[in-house]
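Work through the exercises below with the sequence and the model side by side. Each task is followed by a solution that goes step by step.

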Amino acid sequence: MSNDKQTIIGPALTNIPWEDKPAGCDEVAWRYSGNPVIPRDLIPCANSIFNSAVIPFEGKFVGVFRVDDKRRHMQLHCGQSEDGINWRLDNEPIEFICDDPEIAEFICGYDPRVCWIEDRYYITWCNAYRGLPTIGVAWTLDFKEFHQLENAFLPFNRNGVMFPRKINGKFAMLSRPSDNGHTPFGDIFYSESPDMCHWGKHRFAMGALSGQGWQATKIGAGPIPIETTAGWLLIYHGVLTSCNGFNYSAGAALLDIDEPWKVIARTEPYILNPRETYECVGDVPNVLFPCAALADAATGRIAIYYGGADTVVGMAFTQVDELIDFIKANSIA
């Protein structure tokens, strides 16, 4: 890779799942030919499996998966994979260890993210506190025991996405304040914490753009941000309200390294949108919801995991220098 190309700051991931861009493809991101990588019925209890988090672990891959069971209860299950493509999911949902009965009751959990920070893996998800949506937080060392911490914010909030290292000595998170329903609005905010318990310094980062098509109604952070020489690379979702309801697509932005609430550049066009059958047909049609990304600093390869139609998990690929060039060339910021 030449010196003028933007690169990923971080470790090599030599076994990152990957498929070269198809001949004749002029898109900045392209789908895995074997999609969906996780069908809706991979385990017997599942009605659907989607909007899930994946991370490297001990030379292989693990994940925390949203499983809506056949009661249509939203659960979180752990999963394992040798190659990031073929997955085994635990039949039983995660049971969080929590010493505080006030927050220990698990009502439902969905749309998890996972990242490594310093000495442990942190999981965030949309938790229900007294039936109201907020951001649940837990940590694990081995993906066998999960220790629940305080909820990050008051209801109502969703899409809690941690940064993979401290920012100016503080833990940092992006979130999307919302309401109690299927929110018809939403912007991305930045918050920080000294201890993963007390959160403050809330800053506006990015907003939905009225009249801007695919991201006009609301937006939300997607996978854990990727540190690059151009800034934090954030893949996010945007929502258009059509005559047939909400339509979810994915875009990308660059955030300042030291002040991540400041946007350097942001895509006007989407990078992925629902167009394949498994993205357009399902329990909630026309949804492409990115939740996880693997990155290899050695090659610049990025593998994106996303939910399709709130039913299955798909995978797409991009190259970091191409994506950053695309963001800068097509920015609305």
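**Exercise 1. Glu259 and Lys262**

Task: Decide whether Glu259 is buried, partly exposed or exposed, then do the same for Lys262, and find how the two side chains meet.

Solution: Keep in mind from the start that this is a predicted model. Glu259 has a relative accessible area of 29%, and since the class between 20% and 50% is called partly exposed, Glu259 is partly exposed. Lys262, with a relative accessible area of 42%, is partly exposed as well. The side chains of these two residues, Glu259 and Lys262, meet in a salt bridge, with N and O 2.7 Å apart. Elsewhere, salt bridges that share partners bring Arg40, Arg72 and Asp283 together in one network. In total, the structure holds 15 salt bridges.

**Exercise 2. The surroundings of Arg66**

Task: Find which residues form salt bridges with Arg66, and work out whether the residues involved are buried or exposed.

Solution: Begin with Asp68, whose side chain meets that of Arg66 in a salt bridge with an N to O distance of 3.0 Å. Next take Asp111, which also forms a salt bridge with Arg66, the closest N and O atoms being 3.0 Å apart. The pair of Asp111 and Arg66 links distant parts of the chain, for Asp111 lies in strand E7 (residues 109-117) and Arg66 in strand E3 (residues 60-69), 45 residues apart. For the second part of the task, compare the relative accessible areas with the cut-off for buried residues, which is under 20%. Arg66 has 8% and is therefore buried, and Asp111, with 12%, is buried too. Asp68 is likewise buried.

**Exercise 3. The sheet that holds E7 and E8**

Task: Trace the order of the strands in the open sheet of five strands, and say which strands form its edges.

Solution: Reading across the sheet, the order is E6-E10-E9-E8-E7, and the pairing is mixed. The edge strands are E6 (96-97) and E7, each of which pairs on one side only. At the E6 edge, the neighbour is strand E10 (residues 146-148), and these two strands pair in the parallel sense over two bridges. Within this pairing, Phe96 has Phe146 in E10 as its bridge partner. Strand E8 (residues 120-129) contains Trp125, a residue that counts as buried because its relative accessibility is 2%. From Trp125 to Ala172 the C-alpha distance is 15 Å, while the two residues are 47 apart in sequence.

**Exercise 4. From E11 to E14**

Task: Follow the strand pairings from E11 to E12, from E12 to E13 and from E13 to E14, and note how the residues stand opposite one another.

Solution: As background, strands of a sheet pair through backbone hydrogen bonds, either parallel or antiparallel. Strand E11 (residues 157-162) is mostly covered, with six of its six residues buried. E11 and E12 run antiparallel and are joined by four bridges, and here Arg158 has Arg176 in E12 as its bridge partner. Strand E12 (residues 171-177) is in turn joined to E13 by five bridges, again in the antiparallel sense, with Leu174 opposite Tyr190 in E13. Strand E13 (residues 188-193) is also mostly covered, as five of its six residues are buried. E13 then pairs antiparallel with strand E14 (residues 200-206) over four bridges, where Glu192 stands opposite Gly200. The hairpin of E13 and E14 has six residues between the strands, and in this hairpin Met196 takes a positive phi near 65 degrees.

**Exercise 5. The chain as a whole**

Task: Why can the radius of gyration of the chain be said to agree with that of a compact globule?

Solution: For 333 residues, a compact globule would have a radius of gyration near 20 Å, and the chain has 18 Å, so the two agree. Along the principal axes, the C-alpha atoms fill a box of roughly 55 × 45 × 40 Å. The chain contains three helices and 22 strands, and buried residues make up 56% of its 333 residues. Of the contacts between residues at least 6 apart in sequence, 53% join residues at least 24 apart. Finally, the chain exposes about 13,500 Å², of which carbon and sulfur atoms supply 49%.

Technical notes. Residues numbered from 1 in each chain as written. Predicted model: local features only at pLDDT ≥ 70, side-chain atom pairs only at ≥ 80, totals over all residues. Heavy atoms only, no water. Salt bridge = Lys/Arg side-chain N within 4 Å of Asp/Glu carboxyl O. Buried < 20%, exposed > 50% of the residue type's maximum accessible area, 1.4 Å probe, protein only. Pairing = 2+ DSSP bridges. Rg over C-alpha atoms; globule rule 2.2 N^0.38 Å. Contact = heavy atoms within 4.5 Å. Areas by Shrake-Rupley, 256 points an atom, 1.4 Å probe, with all protein chains shown as cover.
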